[in-house]
Amino acid sequence: MIEDSSTKKEWTLLCYFAGDNNLDGAAVEDINEMELVGSTDQVNAVVQIDRSADYNLNDNNWRSTRRFYITKGSNRRKITSELLKDLGPTNTGDRRFINDFIRETVADYPAQHYMLVLWNHGSGFYVPPEMLTGENAPSRRELSARARPKLGRSFFHGTRSQMLSLNPAQRGICYDDGSQDCLDNQELKDVVAYMEKCIGERKVDVIGMDACLMTMLEVAYQIRHHALVLVGSEEVEPGDGWPYDRILGELARSPHMSGSALGEVIVNEYIASYDKGAPFSPNVTQSALDLTRLGDITQAVDDLASQLLGRLEDSQTHSDIYRAWKRTSRFYENLYMDLYQFADNLGRISEDAPIQHACTAIQRTMEGADGTSPIIAERHLGEDLHAVRGLSIYMPPFRNPSDFYWELDFANDTRWAEFLGAYLE
């Protein structure tokens, strides 16, 4: 069903499901969750899903890429929504395919507000060795040797030695096993910028990352000029991902909500879906970030980096940084850490007044002391994550395994990368 372009609904949700991997079954289940609610007279939900030849075990085992207009249904093992297109095999890690999806969906289903959901594995800014191509890439035999069962939305857990022995590229999301490809850092930024252009040169209301590890300051900063709200997880997501029936149900009941309000709904419903008590008590996080309020927190981190750089010749400063890092919640093989918690720990450990002041500035900014917090909503579960605040930052425990970190906007605009290079050398 193509909408009359003269009539705009309140919201159009564009859900890009990169399911050509071990999440294939979860992709179908999430679409079935959407079908429990379906599109409404004020909300369009459109899904493009690429399926796997190796993992699909339901819905007749079709293996192509298909686009659906989500309609209400109750079959939990088969997609019953309206088929808009069968695109054949595609590479979901190639931005041409997601750009086509964005352009055509925006044209066919105009709305006042838009949310783009990128559904798949995520790894923050880091692209794992398995997705490398070129002279530094692993061979097919190496890839086969590394293959192992992987649970949840965290497909790539390379060991420290693997990461150090190879030359990884940029941030990645939307992994496609069939083509051994994913969207890297610059491509993701370009995709969001392209969507901004398609919807009339205005920022995308919400970018939803139903993937692991994507609410990093570096990720948020990379797309800040093209979107208003980023929603996602600091931590690895369980395989079930977002509860789409709850989220779409709330939006259907209140279709006039803002992007910030929708971000808060996603955070609350996500956590509620996993809050089942013992013995089921996973470590889960979800946060919604206001991308228009990254200036103060970026400046605060830059100030801390400057203070630390000026004191790295002092062995006590080195020791303080390490002790604070050890006490802080960390993610993805210890490559990322919770920003607020690190500032809190370092401020308590250090006896250097300028460092303490810089740490306090980060905390006050995230707390919204001056009304400038980028955190719209943040919730978490799990004993290991009791003190996280919804925003992580890159801080590896060993020599920087990604030369391409320096190409991020955040690394160019702050001294954090310079601090990491000096501290970890």
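**Entry 1: Leu304 and its surroundings**

I began with Leu304 in this predicted model, and, setting aside the neighbours within four places in sequence, I found Leu304 in contact with Phe342, Leu346, Ile355, Ala358, Cys359, Ile362 and Trp416. I then looked up the core around this residue: the largest nonpolar core has 82 residues, and Leu304, Trp416 and Phe419 are those with the most contacts inside it. I also asked myself which helix gives the most to this core. Helix α9, which covers residues 295–309, does so with 7 residues. A second core, separate from that one, has 41 residues, and among them I noted Ala45, Ile70, Val267 and Ala377. I wrote beside this the general remark that nonpolar side chains in soluble globular proteins tend to be buried together.

**Entry 2: Phe17 and Tyr244**

Next I turned to the aromatic rings, for which the count comes to 12 pairs. I took up Phe17 and Tyr244, whose ring centres are 6.0 Å apart and whose planes stand at 45°, so I entered the pair as tilted. Where do the two residues lie? Phe17 belongs to strand β1 (residues 9–18) and Tyr244 to helix α7 (residues 244–253), so this pair ties together parts that are 227 residues apart in sequence. I then checked whether each residue is buried or exposed: Phe17 has a relative accessible area of 1% and is buried, and Tyr244, at 4% relative accessibility, counts as buried because the cut-off is under 20%.

**Entry 3: Tyr394 and Tyr405**

I went on to the aromatic pair of Tyr394 and Tyr405, which is tilted, with 4.6 Å from centre to centre and 40° between the planes. Tyr394 lies in strand β14 (residues 392–394), while Tyr405 lies in the loop between β14 and α13 (409–413), so the pair ties together parts that are 11 residues apart in sequence. Tyr394 counts as buried at 0% relative accessibility, and Tyr405 counts as buried at 0% relative accessibility. When I looked for further rings here, I found that Tyr394 and Tyr405 form one aromatic cluster with Tyr332 and Tyr336.

**Entry 4: charges over rings**

Lastly I looked up charged ends that sit over rings, and I noted two cases, one with Tyr221 and one with Tyr340. Which residue has its charged end over the ring of Tyr221? I found Arg224 there, with the charged end 3.6 Å from the centre of the ring. For Tyr340, I recorded the charged end of Arg389, which sits over the ring at 3.9 Å from its centre.

Conventions: Residues numbered from 1 in each chain as written. Predicted model: local features only at pLDDT ≥ 70, side-chain atom pairs only at ≥ 80, totals over all residues. Heavy atoms only, no water. Core = buried A, V, L, I, M, F, W, Y, C linked by side-chain atoms within 4.5 Å. Buried < 20%, exposed > 50% of the residue type's maximum accessible area, 1.4 Å probe, protein only. Helix = DSSP H or I, 4+ residues; strand = E, 2+ residues; numbered from the N terminus. Contact = heavy atoms within 4.5 Å. Phe/Tyr/Trp six-rings, centres within 6.5 Å; stacked < 30°, edge-to-face > 60°. Lys NZ or Arg CZ within 6 Å of the ring centre and 35° of its normal.
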